[in-house]
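Dear colleague,

Please find the structure we discussed handed over below. I would be grateful if you could keep it open while reading the notes that come after it.

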Amino acid sequence: MASETQDLYPIAVLIDELKHDDVALRLAAIRRISTIALALGADRTRDELIPFLDESIDDEDEVLLALAEELGSFVEFVGGPPFAHLLLTPLETLAAVEETVVREKAVESTAKIGQILSSAQIEEFYIPMVNRLSKGDWFTSRTSACGLYAPIYHLASARTQEDLRALYSTLCKDETPMVRRAGATNLAKLVKKLSKQHVVTEMFPLFSALAQDEQDSVRLLTVEGLISIAEVLSPEETKAMLLNILRSMCVDKSWRVRYMIAEKFVAVSKSVGADIIKEDLIHAFVQVLKDNEAEVRTAASTQAPGFSAMIDKETVLREILPCIRDLVVDSSQHVRAALATEISGFAPILGKENTIEHLLPLFLQLLKDEASEVRLNIISKLDKVNDVIGIELLSQSLLPAIVELAEDKQWRVRLAIIENIPLLASQLGVKFFDEKLGALCMSWLGDCVFSIREAATTNLRKLTEVFGYDWAKQTIIPKVLAMGQHSNYLYRMTTIFAITTLAHVVNGEVLKDLIVPTVTSLATDPIPNIRFNVAKSMEELVPLLKKTGLSGLLGDPIKPSLLKLSEDKDTDVRFFANRALAALAA
């Protein structure tokens with residue numbers, strides 16, 4: 001009797017928690033159903049837990065969402081693939097609920113389970129479920145059904161496949177726009193599973209009707225379908241069947257449709273072939289680059305280098321580049337920001353001379369843009385231009401702008417410059433770097449923003465890795481150590497951060513002669529925050545000194561400094577000093 005009570009306990013607790021008034025408790029219970037199932041065993045999970053969960057689908061959306069997600073990974077708990085079809089029952093109910101995210105997760109989980117079912121299970125359980133959902137009274141179930149065809153189509157028998165295509169056709173013609181939207185969304189996935197004959201005779205008419213649907217929310221979802229169908233057809237068939245629809249999309253009265261075609265322009269171009277690109281798409285792309293909606297121009301900007309790589313250089317210079325010049329001064333910040341991210345991609349396409357003549361002026365213009373996001377985006381992609389024109393020309397043209405940005409009032413812009421300095425340094429060489437950028441790197445150590453000072457110390461470490469510790473010893477470490485004597489405590493703090501970071505990339509001589517003496521001298525600083533960071537620094541230095549064979553320094557001067565700090569009046573200082581002493585004793 002006691003054993004029976006014990007067996008019932010997990011599901012009793014789950015029932016109590018799933019009926020609790022507190023949503024958080026119900027959600028936690030759902031998240032634990034795999035543990036409950038493990039305790040119950042596969043038989044009782046199938047016989048008791050799954051039916052109970054199916055009856056419990058009347059809850060808050062977040063609980064149902066969690067349940068839909070959990071069920072997708074529940075196959076092993078019901079006894080493996082032979083019993084996986086039992087999970088379709090609660091998922092079918094979830095796929096018909098009102099909340100979209102719950103339905104989408106239920107469809108995702110159902111599709112995942114469908115792919116591990118046997119042919120017999122698909123015919124006996126999965127297909128009837130798809131039929132019920134496809135013919136449901138509420139649009140919610142019909143919407144969900146659209147996502148359940150492609151995952152198992154290839155696993156069904158030829159006769160069933162025929163029925164599935166016919167049923168999918170009715171969904172794409174449904175009177176409810178939401179169902180037609182789902183049909184358009186999933187059409188591309190289904191096309192990939194079909195033979196060319198079925199694509200041409202059955203899917204193309206559906207696609208054509210959806211692409212001309214009265215609702216723009218349906219039309220905009222057909223771009224993926226166009227790409228999938230074009231990939232199946234020959235260039236001649238594509239021209240005959242798809243070209244007029246493609247032209248219509250590029251000039252659709254709804255900006256949302258034009259946005260979708262602009263966003264996928266490279267993928268569309270690859271799928272339709274060189275002839276259509278040359279004869280039709282160059283003009284179409286110029287149109288979307290000049291579109292009167294900023295969102296469309298933004299999407300087109302992201303596609304410009306990718307599309308330009310498919311056409312000849314002269315056409316890029318004649319047709320595309322004039323549009324790019326206009327976009328550099330576009331009234332929308334979002335357009336300029338998108339272009340700034342991608343414009344460097346033109347350099348490999350145009351070659352050295354054209355990049356110098358046509359692109360560099362645009363780069364300089366974007367580097368002086370009033371919007372910090374635009375400046376950030378252009379800085380982060382300088383390496384592509386450098387690969388084409390070389391660092392000498394790049395530095396002559398862009399260095400003044402980079403120096404100006406290094407002092408930008410927006411700290412994120414300064415941060416972006418710092419993060420790109422090691423890359424520039426490795427390409428500039430040590431002599432040029434010392435002359436032009438060395439002072440700049442040191443100035444960041446005194447920045448008023450902590451994130452900049454922190455990034456500046458990391459920058460010094462990366463520069464040491466590029467130029468070597470002999471360069472660091474002669475060039476930057478003396479300047480860092482001099483800051484340790486500064487009257488402003490922030491400079492002294494930065495010294496600790498910088499030398500602790502540099503300690504990882506210098507040799508034992510630099511550690512012994514320069515870094516350890518500086519750290520120990522700051523252990524007596526009057527500012528508690530300095531002493532606190534000294535203790536943290538020493539904890540980090542201990543393993544480095546052991547590793548480099550400088551354990552003698554641990555006895556003197558490290559240990560006496562730590563002992564003194566361990567008696568400090570500040571609690572945090574004592575805590576980290578004792579941690580460092582423990583590391584020293586280990």
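The notes below cover salt bridges, a charged patch, the cysteines and some contacts between distant parts of the chain.

This is a predicted model, in which local features need pLDDT of at least 70 and side-chain atom pairs count only at pLDDT 80 or more, while totals for chains, interfaces and linings use all residues. Residues are numbered from 1 along each chain as its sequence is written, and side-chain values use heavy atoms, with hydrogens and water left out.

Salt bridges

A search of the whole structure gives 25 salt bridges, a salt bridge being a side-chain nitrogen of Lys or Arg within 4 Å of a carboxyl oxygen of Asp or Glu. One of them joins the side chains of Arg 256 and Asp 216, at 3.1 Å from N to O. Arg 256 belongs to helix H17 (residues 255-263) and Asp 216 to helix H13 (residues 216-219), so this pair ties together parts that are 40 residues apart in sequence. Helices here are DSSP runs of H or I with at least four residues, numbered from the N terminus. Arg 256 is partly exposed at 33% relative accessibility, and Asp 216 is partly exposed at 23%. For these classes, buried means under 20% relative accessible area, exposed means over 50%, and partly exposed lies in between (1.4 Å probe, protein chains only).

Another salt bridge is formed by Glu 279 and Lys 239, whose closest N and O atoms are 3.5 Å apart. Glu 279 sits in helix H19 (residues 274-289) and Lys 239 in helix H15 (residues 235-241), so this pair also ties together parts 40 residues apart in sequence. Glu 279 is exposed, with a relative accessible area of 52%, whereas Lys 239 is partly exposed at 33%.

Asp 568 and Arg 531 form a further salt bridge, with their closest N and O atoms 2.6 Å apart. Asp 568 lies in the loop between helix H36 (552-565) and helix H37 (571-585), and Arg 531 lies in helix H35 (residues 528-547); the pair links distant parts of the chain, 37 residues apart. Both residues of this pair, Asp 568 and Arg 531, are buried. In addition, a network of salt bridges links Arg 31, Glu 69 and Glu 70.

Negative patch

Glu 60, Asp 61, Glu 62 and Glu 98 form a negative surface patch. A patch of this kind is made of residues with over 30% relative accessible area and no salt bridge, like charges being joined within 9 Å. Within the patch, Glu 62 is part of helix H5 (residues 61-71) and is partly exposed, with a relative accessible area of 45%.

Cysteines

How many disulfides does the structure hold? There are 0 disulfides, a disulfide being a pair of cysteine sulfur atoms within 2.5 Å. Cys 146 is in no disulfide, and the nearest cysteine sulfur, that of Cys 172, is 6.3 Å away. Cys 146 is buried, at 1% relative accessibility. The sulfur of Cys 323 is 14 Å from the closest cysteine sulfur, in Cys 250, which is too far for a bond. Cys 323 is likewise buried, at 2% relative accessibility.

Contacts between distant parts of the chain

Ala 577 is placed in helix H37 and is buried, with a relative accessible area of 0%. Its C-alpha is 4.9 Å from that of Ala 535, although Ala 577 and Ala 535 are 42 residues apart in sequence.

Glu 509, in helix H34 (residues 508-521), is partly exposed at 43% relative accessible area. Glu 509 and Leu 550 are separated by 41 residues in sequence and by 9.4 Å from C-alpha to C-alpha.

Two loop residues may also be noted. Ala 309 lies in the loop between helix H20 (294-308) and helix H21 (313-328) and is exposed, with a relative accessible area of 55%. Ala 309 and Val 266 are 43 residues apart in sequence and 9.6 Å apart in space, C-alpha to C-alpha. Gly 446 is found in the loop between helix H29 (438-443) and helix H30 (450-467) and is partly exposed at 30% relative accessibility. The C-alpha atoms of Gly 446 and Met 483 are 9.2 Å apart, with their positions 37 residues apart in sequence.

With kind regards

Technical notes: Patch = residues over 30% accessible without salt bridge, like charges linked within 9 Å, V, L, I, M, F, W, Y side chains within 5 Å. Areas by Shrake-Rupley, 256 points an atom, 1.4 Å probe, with all protein chains shown as cover. Lys, Arg positive; Asp, Glu negative; His and termini not counted. Charge placed at Lys NZ, Arg CZ, Asp CG, Glu CD.
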